Structure formats: C-alpha cells, structure tokens
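Here are a few notes to read alongside the coordinates. I hope they help as you look through the contacts.

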Amino acid sequence: MARSDKNLQAVVLCDTYLPRFMPLTAHKPRCLLPLANTPLIEYTLEFLVNCGVSEVYLMCCAHASQVSEYIKSSRWVSPFVPFKVQTIELPNTMSVGDAMRDIDSRGIITSDFLLISGDVVCNIDFDRVWAAHVQRKNEDKNCIMSMVLRKASALHRTRSNRTGLFVVDDITKRLVVYQRSILQKDIDVDSSELLKLTNVAFRNDLIDCRIDICSMDVPALFTENFDYEHLRDDFVRGVLTSDLLGKTIYAHIVDDGYAARVESFKTYKGVTKDIVSRYSYPLVVDSNVVQGKSYMYQRGHIYKERDVVLSQSCTIGMSTIIGSKSSVGDSTLVQGSVIGRCCAIGNNAVVENACLWDNVRIEDGAQVRGAILADNVRICKDAVIEPGAVIGFGVTVEAGTTVPQGARIHAKNRRSSSASAKSKSKSESESGSENGDESDGYGYSDSSAVISNSDDDEPSDTEDLAALVDEMYLSDESIVSLDHRKLAATRKPRRKSRTMSTTSNFSAEDAEDDDEEFVKEAITSINRSIVDKHTQDVAILELNTLRMTMNAPHEKVQEAVVIALVSHIGHLITQSDVKSVTTNVFTTWSPLLRRITFDMVGQTNLAAQIENNCAGMLQGERILAFALMTLYDTDVISENAVYAWHKQPEAGSQVRQLVDQWVEWLENAEEESDDE
Amino acid sequence: MIDIKETYLGFLERDNQLTKPVAAIQALLALLCELQPNTSAEMIDILQDAANTLKSSVSNSISLSAGCDLFLRFLTKNINASKDWDACRRNLVQNGNLFASRALDARSNIARIGLPFVRDHDTILVHGRSRAVIQLLQDAAMSNSVRFRVYITEARVCNEGVYMANILKKSGIPVCVVPDCSVGYVIDHTDKVFIGAEGVAESGGVINQIGSYQVAMLAKAANKPVYVFAESHKFVRMFPVSPSDLPGNEKLEFTSPVHPESIEMNLEAWPQVDFTPHQYITALVTDLGVLTPSGVSEELIKMWFD
Amino acid sequence: MSSKGDINTQISLFLTQLKRRQISGAKEVALATANLLIRFISSRRWVSTTAMIEQIRILGAKLVDAQPYELTCGNVIKRVLKNIRTINEAFAPKGNKDTDLEEDLNPSSSMLGLLSVSDSMNTSGDGDSSNNSSMANLTKHKSNEAEPGLTPSGYYVSEEVRAKARDLRNAVIDEIQSLIDEIQNDDPLFKAGIDMITDSDLLLTPCPSSKTMVDFLLKAAAKRNFTVIVTESYPNNVEKAKKMVQQLKNAGVKSTLIPDAAVFAVMAKVSKVVISARAVLANGGCIASSGVAMACHAAKQFTKPVLSIAGSYKLSPIYPFDVESLIEVGNSSKVIDFSDAELMDKLEVINPLYDYISPELIDIVISSDGGASPNFVYRLILDNYSEHDQHLSSVEIGAA
C-alpha cells in the first residue's frame with residue numbers, strides 16, 4: 001500500500017460492450033459471472049487492494065443495477081476496505097469510448113489513474129509497475145499511458161486469439177505499432193518509423209491484461225476524438241498513428257506474476273485452469289477471501305467446501321472445485337471441473353472439464369464434457385453435452401438429448417422469436433418429439449442454438465473447448481462493426497455541426513480532397529483484401545476504420561468498393577468468361593456490399609456506381625448486367641431500387657442495353673406474379 | 001451374596017453394546033447395592049475381593065480389570081475426599097444406569113474426534129471387531145463428505161472379520177475381507193490401519209484381538225500409521241512387555257513323540273489377545289482426545305497419583 | 001456502520017490480511033495476533049472469565065480458519081486462553097472453594113469422567129463446561145442479585161464485580177504484553193542454540209527463508225567460528241538463499257550455497273544440521289520450509305545431529321495426524337514458467353511450501369526454554385496450553 005498517500009484512483013470498466021459471453025450475459029452482467037465460483041469482479045477488486053488504490057469507480061452499462069446491488073451487499077463497502085467503491089451506472093453508453101467520455105465529463109480524475117477491465121485476475125507486484133511508469137513520465141513528458149502486458153506465448157491457453165500484435169521499441173519499451181488481431185497476415189507498419197529505432201521487438205506472445213496506468217489526458221483524448229470506440233483498436237492505434245498528438249504509450253512487459261483477463265470463453269476456461277492449478281497464488285480458491293467461502297485444499301488441486309456430499313463410489317479427479325451443499329452420486333466421475341453450490345449430480349454421470357454454476361442438476365447417466373452450464377440448468381437422464389457447449393440460465397436439456405459441440409442454448413422465454421421448441425438431437429432424433437412435451441418451460445430450442453463448425457485453417461482439437469469456443473466468436477467483429485455503423489449513423493449530424501463550429505475556415509474543397517484521399521486508401525485496402533484473401537470481416541473493419549478516421553460519407557465507401565471490384569473483374573476477364581467472373585466476384589463480396597448499402601437510396605447509388613465504372617470498359621455492358629443480376633439475386637439490391645436506378649437519367653447509356661432487357665423481364669415477371 | 005462372575009457375564013449377555021469394563025463396573029455396583037457394609041474400609045475390602053475374584057475367574061480379564069480398577073479408584077478417591085462414604089455409596093447405586101450410557105457417549109465421542117482421521121480417498125485396514133471403529137466408520141460414511149474403502153482382516157480365532165464386514169457393508173461402505181495371512185499383501189494399498197483395543201497398557205501399547213501385533217508391525221514396516229480407537233476406561237495399569245505377560249495367555253503346546261495323535265489346532269484354547277507395543281502405534285483416539293502412546297501414562301498418572 | 005477504529009473493523013481487516021497472505025511469517029503473525037487480542041480485550045467489558053474465554057475462542061476460530069497454515073496465530077490465542085484460565089484460578093475467592101473439590105474429582109476430561117455422579121457433567125471431550133470456572137460462578141450469582149433494580153445492595157455488589165472485571169482485564173492484558181515481549185526477544189533461544197554449536201563446526205541449514213535462522217547464525221558467529229552450508233531451497237526461496245549467504249559473508253562467516261540435490265553429497269562432511277521450524281507440533285515433529293525433511297533424512301542416514309530451533313510461541317498443541325492439512329501449496333509458476341504454454345497444459349504442478357519432519361528425524365528441539373528431546377515436547381505443551389483449547393476450529397484437525 002505504498003501509494004495510499006498519493007490517492008491513486010482506479011477506473012474499472014465492467015463492460016466490454018462485446019457480446020462474447022452471450023447468452024450468459026443476457027441475464028447477468030459479465031463482471032458478476034462466476035469464475036471458479038467467485039464473481040469476476042472480486043478478482044479485480046482484490047488486485048486493486050494490492051495496488052494500494054484509494055478510490056475505485058466501477059463503470060457499468062449492462063445490468064448496472066445488479067452490479068450496484070452486488071457491491072452494496074458485499075464486503076467492499078465495509079470500513080476495513082482500503083478504498084471507496086463507487087458504482088457509476090451508464091445504461092446509455094454503447095462503447096468503452098462512451099464510458100471514457102463520461103469519466104471525462106464527470107471530472108473525477110485528479111491525477112494519473114489505473115484503468116482496468118472488470119475481469120482481470122492478477123497478482124503482479126503493482127508497485128514496480130507504478131515506479132516504472134513514474135520514471136517513464138519523468139523521462140518522457142508525452143507518456144500518457146503504460147500498458148501492463150504479461151509475457152506468455154502465442155498459443156497460450158490464457159491468451160486470447162484476438163490479442164493484438166505489439167511492436168515495441170526494445171530499449172525504451174515504447175509502443176510503436178499496435179496491430180489488432182494477429183489473424184491478419186499482413187502487418188501494416190510505417191517502416192520509416194521503425195528505421196529510427198535500433199532494437200524493435202514484434203511481440204505476438206503477450207497477454208493484454210487491460211491494466212493501464214493512464215494520465216488525465218486519456219479521458220480527454222476520448223472526448224476530443226469522439227469516434228473512438230475501443231481502447232485498443234481506436235484509442236491506442238489512434239494515438240500511435242497520429243503525428244499531431246505526439247503522445248506516447250509504453251508497454252510494461254512483466255514476466256513474473258500472474259496477469260490475465262477473462263475476455264472470452266477460451267480465456268474463461270484458461271484462467272479457471274490457472275486458478276485451480278495455483279498459478280494465481282495467493283489468489284486461490286482456498287484463500288476464501290470472499291465472505292462465506294470455506295474451501296479446503298486437498299492433494300491434486302481438489303478444493304472442497306463444507307457440506308459437500310459425496311457418494312462412496314464416486315471418483316473425484318484432479319483439479320476440481322466443489323461448492324458447498326453439492327452432491328455427487330454413485331459411480332460418477334467428476335474431473336477437472338468447477339462445480340458451484342447446491343449442484344446435484346446423479347449416479348453414473350460424467351462431468352469432465354466442465355464449469356457448473358450454482359443449482360445445476362445433472363441426472364443419472366448424463367455426460368457433460370467441456371461445457372459451461374449456468375445457474376439452474378437441468379441435464380436430464382442420459383443426455384450428452386459435448387465440448388464447447390454453453391447452456392444458459394435455467395435451461396432444461398431433455399433426457400437422451402445430445403447437445404452438439406459448441407452449441408449455445410438459452411431459455412426461450414427470454415427470446416421473443418423462438419419458433420420451435422422441438423429439440424434436435426443428432427444421434428437420437430426419435431427422442432426429439434418428446435422434448436417439447438416434457439419440457440417444463442424451455443427445452444432446448446434449436447432455433448436459438450448456434451452450432452459452430454470449426455474452420456479448416458484452425459487446428460480443431462475436439463477436446464479443447466477453448467479453441468472451439470473461441471472459434472465461434474471469430475466472427476465477433478462483424479457484430480462490432482455493425483455497431484460501428486449504427487453509431488456512426490446516429491452520431492453523424494452531431495459530428496458535422498461540431499466540426500463546423502470549431503473549424504472556421506472549413507471549405508468544401510478540403511472535404512473533397514479528403515474524400516478523394518479516402519477513396520484511394522479504401523481501394524488499396526480492398527485490393528489487398530482481394531489479393532490476400534482476407535475474410536470480409538477484416539475488410540469491413542478496415543474500411544470502417546478508414547471511413548471513421550477520414551470522416552468519409554457512405555457513398556464514398558461504395559464508390560471505392562465498386563471501383564475495386566470492377567477493376568478486379570477487369571483483370572480477371574482476360575482469363576475466363578465475363579459471366580462467371582462477374583457472378584463470382586459479386587457473389588463473394590455481396591456480404592460486404594450488403595453491409596455498406598442500407599436503404600433504397602444507397603442501393604440505387606450502388607447500381608449507379610457500377611454503371612459508372614462499367615462505362616468505357618471492355619465488356620462493360622455485360623459486367624453491369626451480370627453484376628446487377630447477382631446483386632438482385634443475393635438481395636443486395638431490391639427490385640424497386642433497380643427500377644429507381646433505371647429511371648435515372650442515363651449517364652452511360654452505352655452500357656445499358658443488356659440491362660434494359662433484364663429490367664424489362666423483371667417488370668414482366670412482376671406483373672405476372674401480381675396477376676396471380 | 002451374589003456371584004460376581006455370573007452377574008458380570010449376565011450384564012455382557014443382556015446388552016451386546018456393553019464393553020467389558022463397563023460390565024465389570026455394573027457387576028460391582030450390583031454388589032454394592034446388596035452390601036450393607038459398616039465401614040468404608042469394609043466396603044472397599046469386599047469390593048476389592050470381588051474384583052480379584054472376577055479377574056481371576058474370567059479368562060482374558062484385562063479389559064474388565066480396567067473397569068474394576070477404575071471403579072475402586074473412584075470410590076476411594078471420593079470417600080477420602082468427602083468423608084461421608086455412605087452418601088457416596090447411595091449416590092453411586094442410584095446413578096448406576098448412567099454409567100452404561102456414559103460409556104456409549106464415550107464411544108460416540110471417539111467417533112466424533114476420530115472423524116478427521118478418515119480422509120477422502122482413503123483405504124483403511126481394520127483388524128478385529130471393535131465397536132468404536134464400527135461406529136466411527138459408520139459415522140464417516142454417514143457424513144457423506146469422504147469416500148473410503150475398508151480392508152477387513154478375517155481375524156481368525158475370534159473370526160469376527162466377516163461379522164464386522166457385514167455391518168459395514170450395510171452402511172454402504174465398500175469392504176473387502178482379506179485373510180490374516182495376506183495383510184502383507186494389502187498393506188501397500190492401504191493408507192492407514194485402524195484397530196480397537198481390549199485394554200490400553202501404561203506404555204501406550206495395546207492389548208487387542210490376536211493378530212493386531214503383526215498387523216501393526218507390517219504397517220510400521222510399510223510406514224503406514226496405526227490408529228487405535230479405545231475408550232479411556234480401557235486404560236489399565238499394566239506394563240506388559242510381551243504377549244506372554246498377559247494374564248490368561250497360556251503356553252502353546254508342541255507335539256511330542258509320546259503322543260502320536262494327529263495335529264489339530266484347538267481354537268477354543270487358543271489365546272484371544274496379543275499385545276502391540278507402543279512403538280508400533282501412531283496415536284490413540286480416545287474420548288479424552290487424541291493421545292500419543294506416552295499420553296496414556298499421563299492420564300493414568302493423573303488418576304492414580306494425584 | 002462501524003468506524004475505522006472499531007475493534008470489529010480491525011478484526012475483519014486482520015482476517016482479510018491473513019487470507020490475502022499480506023501478513024505472513026510465524027513471528028509477524030504471532031505479534032499481530034497478540035496485539036489484536038490486546039485491543040479486543042480492552043475494547044469490551046467482561047462480566048466473567050467464562051465469557052472472555054468463550055469470546056476469545058470464537059475469535060480464535062475465525063483467525064485459524066482464515067490462515068490454517070500459520071499455526072502461530074492459534075498458538076498465541078491458546079497461550080492467552082491458558083493464561084486467562086490461570087488468572088481465573090488466582091482470582092477465585094478462597095471462600096468459594098467447595099466447588100473446586102467437585103471439580104477435582106470429576107474432571108470431565110479424565111478417565112474418571114465415566115463415573116462422575118453430578119448430572120451437570122458431560123463426558124464430551126471438549127469439556128469446556130462453564131461451571132469449571134469459579135469466577136464465572138461468582139459473577140453469575142452476584143449479577144443475578146443485582147439485576148432486579150438499582151437497590152443499594154445490588155449496586156454495591158455489581159460495583160465490586162466491575163472492579164474485579166477491570167482487574168481481570170488488566171491482568172490479562174499484562175500477560176499478553178509479556179507474551180509479546182517473549183515473542184520479540186529471541187536472545188534466550190539464541191543463547192540456548194549457541195551452546196549447541198562448537199568452534200570449527202560445519203553446519204548445514206536447509207532453511208534460508210527463515211529470518212530466525214539468519215539472526216541466529218549471525219549472532220552465533222560473534223561467539224563461535226564455524227562454516228555454514230546453505231541449500232538453495234528451490235523453487236520458493238532461491239533469492240532468500242542467495243541473500244542469506246551474502247549476509248553471512250558480510251558478517252565474516254564462511255558460507256557456501258549448494259543446490260538441494262547436493263545435500264546428500266555434502267552430508268558426510270557436515271557436523272550438524274540446523275533447521276528453523278515454523279511450528280513444533282505436539283508429537284515433537286516440526287513444520288519447516290520444503291526441502292528440510294529431505295535434509296533431515298540425509299542427516300539420519302549419516303547419523304548427524306539435527307537441531308531444530310523454534311521460539312516457544314511456535315510450540316503448537318496440534319498433532320499432525322493429517323500432515324497434508326498443515327502444508328500449504330504455493331504458486332505453481334515457481335516450478336513451471338507461466339509463459340510455457342505447452343508444459344502448463346500438459347503438466348499439473350504441485351508446489352508445497354512446507355515439509356513435515358517427523359520427530360524421529362530430529363535430535364533436539366531448542367526453544368526459548370532450552371533444549372528438549374522431541375519426546376518431551378508434549379510436556380512443554382501441557383505446560384503452555386490448556387487441554388480445553390487444543391483445537392479452536394475444525395480446520396485444525398483437517399476436517400472439511
């Protein structure tokens with residue numbers, strides 16, 4: 001508690017604004033999800049105690065009232081706690097950026113503070129980190145942030161696949177480049193920057209624990225750059241790429257102590273294992289720091305609370321936690337699992353590498369492997385839960401059902417649109433019909449279950465829940481970018497007015513230049529995506545980032561995409577026939593186009609863009625026709641949009657001949673169907 | 001005057017939960033009931049005589065002698081202290097039934113104190129039938145928080161292993177009956193050895209069903225702890241150094257060329273108990289708590305030399 | 001809500017510090033416990049010793065549950081309880097002796113418990129029956145009288161009781177204070193230890209993590225001329241081992257650092273093995289840092305004497321019937337580096353922090369009262385602790 005006199009403040013971001021723990025986070029805030037039978041936030045707060053923090057602000061968004069309630073009734077309000085905890089409910093924030101801006105507007109930060117995620121498990125010696133930060137600040141006045149990064153390895157069980165690549169000046173530990181997600185094969189680095197340095201480390205082996213010491217400038221920077229959404233992808237990248245700011249960020253790489261973050265199901269599993277295996281000592285289960293816990297350690301990393309009922313013939317394997325009042329039946333195997341309180345496991349059942357929260361009932365003969373079962377789940381007789389499944393609060397899995405790998409199941413009543421209550425079972429389809437009848441509420445509904453099939457490029461180890469589960473959320477980014485879009489759309493007017501007011505000599509010319517610049521950049525980006533066969537998610541993200549940094553309108557995005565695609569087709573038609581090439585390219589890229597095309601106007605505009613580009617091209621006529629047909633078939637452009645575009649003044653009438661025929665056919669077909 | 005031996009055996013027969021020392025105390029009490037001694041000295045004398053008769057008339061008398069000694073010691077101490085010996089006598093007679101129930105309490109106390117000795121995943125070797133051990137294991141099984149398995153030796157001569165195995169089996173405890181000769185075979189797979197006691201000698205050594213000695217020695221050789229579960233009223237002022245020091249353990253016969261009969265083992269006449277010296281015993285679990293063998297003499301000294 | 005200075009707050013704070021292992025080390029915990037007890041006792045008004053004993057036992061159970069591996073915490077509480085019981089006897093008014101007689105004849109915890117006549121006695125092993133305490137009887141009796149109202153006589157009596165309670169409180173606090181002095185003063189311990197060491201001794205110590213050991217060797221170096229071999233004590237105490245050798249070197253003591261694996265190899269030349277116990281148990285066995293048992297076994301093999309040094313506050317009335325429950329398992333990353341993902345996934349690591357050394361392996365236990373054979377330790381424990389206080393919490397006997 002070396003710095004208690006210095007009044008160190010900590011801001012805990014309880015929300016990540018990412019849906020990684022769905023469906024569990026539908027009912028419970030993520031910081032209250034139990035990790036090794038203790039709510040996540042407890043670990044973070046314990047760490048803050050060791051940091052010698054004196055004020056803690058919990059920034060909560062989803063289920064904020066639950067967090068407040070929890071803190072109110074916890075030991076953290078007792079007088080012997082060295083810091084004051086204040087819960088700040090922010091139900092209207094939509095990103096970390098919003099939360100940071102809120103902090104700035106509140107003006108609660110008085111000096112350098114600790115910015116930490118509400119899901120951190122850490123036992124490192126913070127004094128050293130702080131001392132290093134202070135020294136850095138003395139040497140470099142522009143240092144606004146020190147990030148704590150734990151050395152691990154690229155495929156570490158506790159490391160998220162989404163952790164970025166850190167390019168660090170090996171001498172000063174200054175962060176030079178931050179590249180999000182290493183799934184991207186290219187690293188986009190300004191080599192001139194690197195050439196200035198003698199020793200550069202490209203670190204792909206770090207756990208980003210989201211423990212940052214920030215200066216007061218950080219919240220302010222978020223306010224200045226109101227398009228910053230994410231701490232790493234927007235803010236850190238923003239600061240590093242900006243020449244104007246001149247601020248620096250340092251990486252504090254630790255190689256002893258434990259520091260990790262529960263940010264996905266993979267790391268949830270990994271951190272659980274670490275805690276059970278005592279890598280986080282003294283932050284272990286049997287230290288019973290949270291009130292009311294009574295765990296005792298037994299050889300082989302077995303932790304049992306008081307009043308555990310074990311049958312004489314059951315087997316409790318290594319690395320197991322069993323909470324109070326839980327029972328295990330005859331001949332049942334429990335191994336490598338975390339079992340909450342008041343769970344009842346029947347006879348001849350198997351529970352391996354699974355996490356059972358409180359009040360879970362597993363009936364005779366059921367098998368649960370590598371799954372997460374939330375509170376009040378009931379697994380009926382002989383049901384099989386395969387690795388990677390996540391079963392939400394209060395779900396009942398009917399007798400004999402098989403829940404396939406990686407399925408996500410949650411209670412129906414929470415979901416408005418659940419069409420079928422029938423459960424599907426891969427192996428025993430005949431039992432499917434019974435499920436609906438017997439179900440006392442939910443059953444397991446196929447419509448809400450997400451079934452993942454692991455991609456080929458990832459090593460798919462069926463035993464490894466973590467890998468599997470993480471796999472499923474590789475597509476998180478798409479959801480994220482959707483949010484981007486919405487946010488950007490809503491915020492746009494505000495932004496414009498602001499820009500107008502602050503920049504007095506704002507001219508239309510500048511804007512045009514900017515847009516041109518954007519189109520160029522965007523085309524390059526898409527071309528790279530095409531050549532390197534990136535996933536579209538990546539491409540979309542790049543585009544969005546680009547759009548937001550350069551403040552370009554959506555039309556320009558479309559323009560860029562269309563230019564890139566059409567020129568790509570132009571390259572290809574020399575090799576094969578126009579029809580197949582065009583259809584192919586547009587089918588492939590239709591998801592992207594759909595994401596950048598929202599309404600009638602947009603669709604019409606898209607058509608117009610294609611037309612413009614095809615004009616003057618070899619075979620332009622045919623490309624245009626096939627492109628529009630493909631887009632119509634893939635529902636990117638609606639019928640009405642086609643008509644609307646077709647009615648527009650003919651900018652390049654020379655390419656329309658073929659399309660005219662198609663539109664005519666389309667109209668006829670419409671009439672025909674109308675007649676019927 | 002009542003026959004002290006018959007009374008004693010009668011008590012034992014009526015209640016199979018009764019241990020021998022308590023039966024002896026009950027028998028002496030019955031005698032006290034009937035007596036109308038004139039002085040305290042006379043009363044003590046009569047009781048002393050009866051105790052000696054009892055000890056000499058019953059084979060395998062160690063355990064009952066513990067009861068007799070305890071009773072007499074209690075009496076003399078009380079009489080010396082309070083002067084009013086007759087009141088003391090009446091008091092004892094009136095509360096006679098209390099002792100039997102106290103003895104049962106002592107056993108459940110042992111079970112309570114001994115519970116932590118049964119650990120999860122344990123394999124326990126048990127030799128001989130002991131009510132204290134049975135109760136402990138039953139309680140442990142009931143507690144549901146530990147899982148354990150029990151090897152039970154056949155305990156030949158007394159043949160009580162199978163009997164005990166049946167009792168434990170009914171309580172849902174996984175058991176395995178092994179012949180006495182295979183203790184060496186199973187000792188490696190055993191975590192600890194539990195035995196009861198007929199009597200506990202001053203050194204902390206234990207007089208128990210025959211075979212206990214070899215089991216304890218094997219356990220010592222294999223570095224496994226040996227725990228003895230015995231009520232404190234079984235502590236006896238004896239200091240045997242070998243099994244032959246035990247009263248009633250006769251010499252065993254060898255064949256002789258003069259008598260060419262076939263070799264036959266007379267199980268009836270075979271010694272029922274042997275003596276396990278203290279160095280083979282890790283701890284004694286008694287109603288007074290967990291004692292090391294040296295703690296036994298401490299308790300005896302407390303009683304006899306205060 | 002209670003304020004910062006409130007005793008409950010202090011207790012809770014201490015409990016969490018124990019749980020977080022923020023306070024560690026036998027001596028630190030012992031001192032902190034004693035200081036907490038002083039505050040606890042002075043913060044309340046005590047009607048009777050029975051109540052005081054009861055309350056301290058409850059507090060003790062909480063502390064023991066919080067850190068079951070730090071036995072000195074329980075030791076201090078049990079010592080204080082014993083002191084209170086002794087003080088209680090001294091406070092018992094002479095006229096009230098008649099109860100003592102019965103007590104003497106019917107100690108529930110002796111063999112005669114079976115035959116005790118009074119119904120109020122039970123044969124439970126705990127035997128912490130309230131009517132054992134004459135002070136309790138007195139106050140109960142008197143306060144009953146005083147209760148009905150503020151009659152002159154009642155007022156007078158309760159005033160007397162109050163004065164008694166005050167005396168009792170002060171007496172207990174004095175006792176704790178002298179216990180603190182005893183814990184802080186290692187000199188008698190060192191003096192007794194130095195007597196066991198001769199010039200030209202070659203000592204081996206496998207306890208580099210013990211501050212007592214460093215202090216002892218430095219102190220001994222002033223009087224004797226000997227050489228010390230220190231084991232590395234991997235993986236938990238390597239840094240401390242290096243530091244210890246450095247400290248000894250600075251003090252002019254010839255010292256060598258050897259890897260743990262070399263203990264057997266050097267044992268033939270060693271003249272004495274000195275270990276520092278974290279706790280001495282009722283059977284004479286010790287708990288010390290891991291690696292010590294191995295060194296003691298090696299010493300036995302070469303019939304070298306093993307000296308165990310431990311302040312009296314480390315004597316613990318607990319029997320090691322479940323050794324596992326006395327040994328804490330530490331950080332696995334000391335054995336396998338956290339960044340080694342492959343090994344971490346494939347191996348389970350168990351890194352015990354302590355060792356149990358059975359009494360056969362120890363030749364002499366040196367405490368502040370001088371040397372004692374391990375067989376004799378139970379006697380020391382009988383002197384220092386009351387049998388009623390052997391266990392404060394079920395955790396101490398390894399019960400889940």
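1. In this predicted model, chain A and chain C touch each other through 27 residues of chain A and 25 residues of chain C. On the chain A side, the residues that touch chain C comprise 12 nonpolar, eight polar and seven charged ones.

2. Turning to chain C itself, the assignment splits the chain into domain 1, covering 7–184, and domain 2, covering 187–397. Between these two domains of chain C, 26 residues of domain 1 are in contact with 23 residues of domain 2.

3. Which elements give two or more residues to the domain 1 side of this contact in chain C? They are helices H2 (26–43), H3 (49–66), H4 (71–91) and H7 (152–184) of chain C. H4(C) gives the most, with 11 residues. By class, the domain 1 side that touches domain 2 in chain C has 11 nonpolar, six polar and nine charged residues.

4. H3(C) also deserves a look for its packing with helix H1 (residues 7–19) of chain C: the axes of the two helices lie 8 Å apart, at an angle of about 25 degrees. Angles under 35 degrees count as roughly parallel, so H1(C) and H3(C) are roughly parallel to each other.

5. If you would like to display that helix pair, show C:Ile11, C:Leu15, C:Leu18 and C:Lys19 from H1(C), which meet C:Leu59, C:Lys62, C:Leu63 and C:Ala66 from H3(C). The residues of this contact between H1(C) and H3(C) divide into six nonpolar and two charged, with no polar ones.

Methods:
Residues are numbered from 1 along each chain as its sequence is written. Chains are lettered from A and ligands numbered from 1 in the order in which they are written. This is a predicted model: local features need pLDDT of at least 70, side-chain atom pairs count only at pLDDT 80 or more; totals for chains, interfaces and linings use all residues. Domain bounds come from an automatic or database domain assignment. Two residues are in contact if their C-beta atoms, placed from the backbone, lie within 7 Å. Helices (H or I, at least four residues) and strands (E, at least two) are DSSP runs, numbered from the N terminus. Ala, Val, Leu, Ile, Met, Phe, Trp, Tyr, Cys and Pro count as nonpolar, Asp, Glu, Lys and Arg as charged, and the others, Gly among them, as polar. Axes are lines fitted to C-alpha atoms, for helices over the stretch in contact, and angles run from 0 to 180 degrees between N-to-C directions. Angles under 35 degrees count as roughly parallel, over 145 as roughly antiparallel, 65 to 115 as roughly perpendicular and the rest as oblique.
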